[in-house]
Each structure stands twice: as structure tokens, then as C-alpha cells.
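Trainee: Got a minute to walk through this one with me? I'd like to start with how the elements are numbered.

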Amino acid sequence: MRSRVVVFALVVLLVGSLPAGVGAVEPARTADPPTVAGSGVSPGAGESFASVGTSAGSTATTSDSDVLHRTTVLRHRPDDPDAFGVTMTFRIPDSVTELEVELERGATVEGISGFERTGERTFQWTEDADEATIRYAMPADRRGDQRRGTDGSGDGYTFVDTGDWGVVPVPDVSLFYRRSAPVGIEETVRVDGPGAAGDDIAVFGGVTEHERAVDGGTVRLVVPDAATLEESPDAVLAALADARDDLAVGARSGEVFVVAVPNEIDWGSKRGIQYGESDAWVVDDAALDERNPVWLHEYVHVRQDFAGETDTDPAMEWVSEGQADYYAGLLALESGATDFADFRSLLERGEHEPYADGTLVDRSTWDDPETHYAKGALVYGEIDRRLRLATDGDRTLEDVFRTLNAREEPVTEAEFLNALEEEGGPAVRAVAERYTQTAASPEMWSRSEHEAAFEQSVAAFEYGLGSEPIEVADREWPRWTASETDGTDENRDVIAVPVDESVTIPSTVANVGEREGTYDATLQVDGRVVDHRRGTLAPGEDANNALSWTPSQPGEYDVRVGSERLTAVVRSSPSVTVTDLRVSPDGIGPGESVNATATVEAAGDRPAAAVLAFRTVDGVVAERPVALRPDETTTADATLWFDEAGRYEIAVGDRTTMVDVGGGGGPAATVEEMSGFGISAAAVALVMALLGSLVARRRSY
């Protein structure tokens, strides 16, 4: 079972205009190419700053002045297990001018501070203080496959509180806010008292936590005191870590949070659910040597970034569960936990009634509601087998899976079929169309046929970050070690870049296998594929690729190529302070130039990055991006020309200086007096609208 929740914000950027001024003057001109002194960086363009939206339960890494903090504290009520308590506290930075919070359905408000009620579930910040709190209760017991925040009935519990222990969904909210500068969002969740919390699931009562460090992340296994694991915690963690490595499909979350729930509750037919982005629960008596291990089934759901929650193509509904069953069985087989007879028995269910006659793309034809599990797994496996055979083992459905995960919008049936054809040709597409668009059902393949398709020698590739310079806006950019920016000894590089600027990351790939093959070099940001390059390499060959990403929101991001990673801290103007501005010379003749030098330092204790705007009476005449480590100072230069005699003001940030052109004297032309300066001549510009609303969905297994 799987559900994902997305919270969106209405962000309206208020852009103030400056007063129109007197007269007209010839524009100041900037030199080309520009340079930046002292920082080792070259200039580009961009603006605005905020911090990252972090995972629940995580710790902020950006300065408080840049972040809208949301801390959710959950409280168990063992004497009243029908509901649990929630205290949601917001720490609001100066750049947020308005904030409205909408709670989930089912919330019973018990107290507010710093908010006023504007509707049944909506609350407006009063702006009296920079911290505001809402206390409320949420129902603990959920049944069936209801969406998050709604009542439901059906096949057993989804979440429950027994009084002694409970497993509950972490409440979420919708935020609508206005801000005068970009703002990041940090989300932290914790349980007040015994228990544990992930991003989307929390546990009440005594627990034991087990962790396994994996490449760039952590797997957390939480075992309530009331649970009795069938498998050892080490075995479960090892299986999940191996699955993480074996599924080369992108979309790897930094933390996976799994709870082993006691199987003493009426869970109905459910043996586990995956809920939110990367959280799940699994019944405690689940074994790893089952033909379809539920531990692996739910983990596959964690990796299905392609499965959208809204506007999902009905013809693609079969894929998520069929894929999860298939890969869970295949991973168990390839790990040695099961044998081919187990794998065969899992898939051949789809050959028989009541599943076989259903048309996968048309749910109305299914005689059994679990057709997508049984026939879906068999059909998915047959497509994978045919693709492997058609490409001599060079491509598999993992390559298609990864392609689908890289898409930002929900995947349609047409996109799925097109991706299949791109990887395996028209014949593979035809197989998929036959078995998904008609009632035809394939037969499970034999052991020898399995060996022919799945045990071919394949190319083996190693990916990593290249040694060439990172570029921002097509200019060389500095990178630092973690110890230079946050004092840790972690072996990773850190870059600070302005928001909305293109970041180009060098990558390398080497074929370390024994046959020629097709590689897929991918750039992943917080587990999502944002760029990729494909090519063919013979054994022993290598290649370099430039992979690009343009961050649209400030924050701290995990950027990786293969197993190598770096941290990108995305910032903008409020992260730097202009401390000095000078021009040389301070007097010139008409048509001559001056060199303006701005001195800037990092504001706060995090790496800083911004695009400095050099302004004259004509507006922004030059832009220079800078990147600084904490406590670092640097300078940025711009060469400007003035064509008419007079006295002119130059401004960067809140610093100004004057230049005398032609010794003309007279009143100075200042940026405040002249039209055309600054961000806009309009009063207010609306730049973003409502980005979305809370939705959720579950898959049961």
C-alpha cells in the first residue's frame, strides 16, 4: 500500500516600485565580459533566498532568519486512544508578511496562540509575534483505503491506537503565505514521550530503533515493544539496503522509515502499507523468504516516484502494484532468499481465474479487485523478459522505471509505451499493448527461459562526479569541503549557488564490465532525476558528461551522480550583506568608464550566494553572482560607462557612492529620484499562485 502527500504554498512576491524622478539621462553601460575579484567565481544572474524544506524529524541547516519553521509535536493519549494530540508551532521570519494555515479534515482545535480563526479549519497569523501555535486533536483510528484526513471504512485498520501502543499518520497542513523575499520551509516532527516519528508515520509507546547507514542515507526500522519480529532487525535492514542498491531506478529518499506493527490487530487483508514519501509499516510476522516479501513490496513503492497522486492515468493504475509484486519476488530470488519455484508460483497466479481475463488498463473488466497484483506482476515480468531478450540484456524495465521516475508529471499510458519502444523497439511495445490492452494473458516462463533472459552477461558501469569545474550560469564556480562550511568531517563537497541559476555538474562513467553496453548517467537531486545522458561504451572505456539542474527554490539539496554526492546550498540576496561600495576613479569624462567594487560578506552561519545588482539611474546595469563560505568576505566588480556630464549615484544593496562625469557639478542624479531603477516601476507584481493542495492515496497489499 502506498500514499503520498504533497503540501503546496501560495507564494505572492511583493515588488515595490521606487519613485519616478526627474529628467532623462543616457544609460550607464557595463563592461563585457565582467569579472569578480577575490572570490574565485565569475558572474551570472539571479536573486532571492530562503532555506530548504527538510524532512520531518530532521534538523535545520539554514539560518533561522531565512526559514519558515514548522515543528509538529505528537502526544499519545492512552486514556483516550481514539485521538492523539498535535501541537504545531510556526517560527515565522521577517520576510513572511502573511500566513494562513489550513488543517486536515477531522482536526478538533483545542487552542491557538498568534493565530485567529478564519474558517472551520483555517487560521490567519495575527503578526503580533514571530511564533504562532495551534493545538488540536486528530482521530487515531483509520480504516480501509480512505484518503488522508478523511473518515473511511473497509478492509481492516490502516492506522490504529490501542492505548498501549499506536501507529498513526503524521498530520499535515496546507500553507498559504505572502513574502517579501524567497523563504524556505523546515518541517520537524517528534513524539512527546515514548515513540518515534518519520516524515509521515509516527509510533506511540515504547520502541526499539535500529538503523542502517546506506549510500547517502539511512534506513530506520522501529520495533514497538508490543511487536515480535519474525526476522532479525539486522536481516530486515540488510534486505532493504540491498534492495536500495539493486534497484537502479532513481528516486532514492535520504531516509526510509519502517515500522514493524504487531499483527494482533484487524488489519484486514493488509500486510503492510507505504504511506507518504518514504514511510511504511509492515506486520511483525512478515518473513523475508516468502515468495513476495512484504518488506520488499513496500520498499518498491518507496521508489515509485512516477506514480502521481492527482490526475493519474487510470490505464496506469495496474503498474504500481504489479511492479511492486514483481520486483519484490525478483529481489528475493536474486538474493537467494527464495528459489525459482517460489518466483514462478508468484507470477503464474496471473494465468488463472479470476485474474486472467481482466484487461489491465480497464479496471471495470477486473473480476477480482487484486487483478493488478496477480496479472499485473505476470505481465510486467513478461515485458521485462522480452525487453532483456530484445536488447541482449543491455536494457531492462529498470531503465524504463528510471525514465518514468524522472518525469515531474504523472505518467500516462502513452508515455509508458513510448518509453518501452525507445528502450526495446516496436516488438516490445507490441507485447505490452497485447497484454495490457486486451484480455490476453501470457504464460509464465520456464527456468531455462529465465536463465536465457535474466542471466546474460551485462555491461557494468561506475558513475561519479567529474574533476572538471562546476559551472553556474556557464561560469566556473567554487566548491568547498564540508569542514569549510559546517565544521563536519564528512567526506563531501559543498557549493553555494544563487536560486534560479543553471548549475552544471561534471560527471564520469566507466565501463568496468566485460561487454559493450549502454550507460545512463543521471544527476539526482534529493532522490529525483533532474538530468541524464545516455551513451555506449566498450569494456574499459570511459566518458565525461555535463549534467545540469536549475534550482527553483532556496534550500539545501543532496546532489549525486552514482555513489558520489555533494551538497548544494541554494541562496540569494538576503544571505549576503554589502559592507562597502567604492568607485575608481571618482571623476571621469563623458563616455569614459569607472570600476565599481562592492565588498560583501556572508550573513549568518551558512554558505551564502547571491546575484549582486549594480544600479544607476537607468536601473540594473550589471549583475555579479557571488558565493561565500560562512564568515567569508569577498568583492565583486563591474565596469560602468557614463555618456553625459553630471553627478550620478551607483548603488549595490543598501550601499551607494557617487561618480562625477565631466566635472559638471549640479544636482546629483540618484537612484531614488530617477525612473527606471530597481526591481520594477509597478507597485506590486504577483509571481506565484496556489501551487496545490493536500492529497493522498494509498495502495494496499
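Mentor: Helices here are DSSP runs of H or I with at least four residues, numbered from the N terminus. Keep in mind that this is a predicted model.

Trainee: OK. Which helix holds Glu334?

Mentor: Glu334 is part of helix 3, which covers residues 317–335.

Trainee: Is Glu334 buried or exposed?

Mentor: Exposed, because its relative accessibility is 53% and the cut-off for exposed is over 50%.

Trainee: Which residues share the surface patch of negative charge with Glu334?

Mentor: Asp242, Asp246, Glu451 and Glu455 gather there with Glu334.

Trainee: Switching to sheets. What's the strand order in the open one with five strands?

Mentor: The order is 11-12-13-17-16, and the pairing is antiparallel. Strand 11 (142–143) and strand 16 (195–197) are the edges: each has a single partner strand, so one side of each has no neighbour in the sheet.

Trainee: How many bridges join strand 11 to strand 12?

Mentor: Two, with strand 12 spanning residues 157–161. Arg143 has Tyr157 as its bridge partner in strand 12.

Trainee: And strand 41, which strands is that joined to?

Mentor: Strand 40 (residues 646–652) runs antiparallel to strand 41, with seven bridges. Strand 35 (residues 587–588) runs parallel to strand 41 (residues 655–661), with two bridges. There, Ile588 is opposite Val661.

Trainee: What sits between strand 40 and strand 41?

Mentor: Two residues, in a hairpin. Gly653 is in the turn, with a positive phi of about 60°. Val652 has Arg655 in strand 41 as its bridge partner.

How values were computed. Residues numbered from 1 in each chain as written. Predicted model: local features only at pLDDT ≥ 70, side-chain atom pairs only at ≥ 80, totals over all residues. Heavy atoms only, no water. Patch = residues over 30% accessible without salt bridge, like charges linked within 9 Å, V, L, I, M, F, W, Y side chains within 5 Å. Areas by Shrake-Rupley, 256 points an atom, 1.4 Å probe, with all protein chains shown as cover. Salt bridge = Lys/Arg side-chain N within 4 Å of Asp/Glu carboxyl O. Lys, Arg positive; Asp, Glu negative; His and termini not counted. Charge placed at Lys NZ, Arg CZ, Asp CG, Glu CD. Buried < 20%, exposed > 50% of the residue type's maximum accessible area, 1.4 Å probe, protein only. Pairing = 2+ DSSP bridges.
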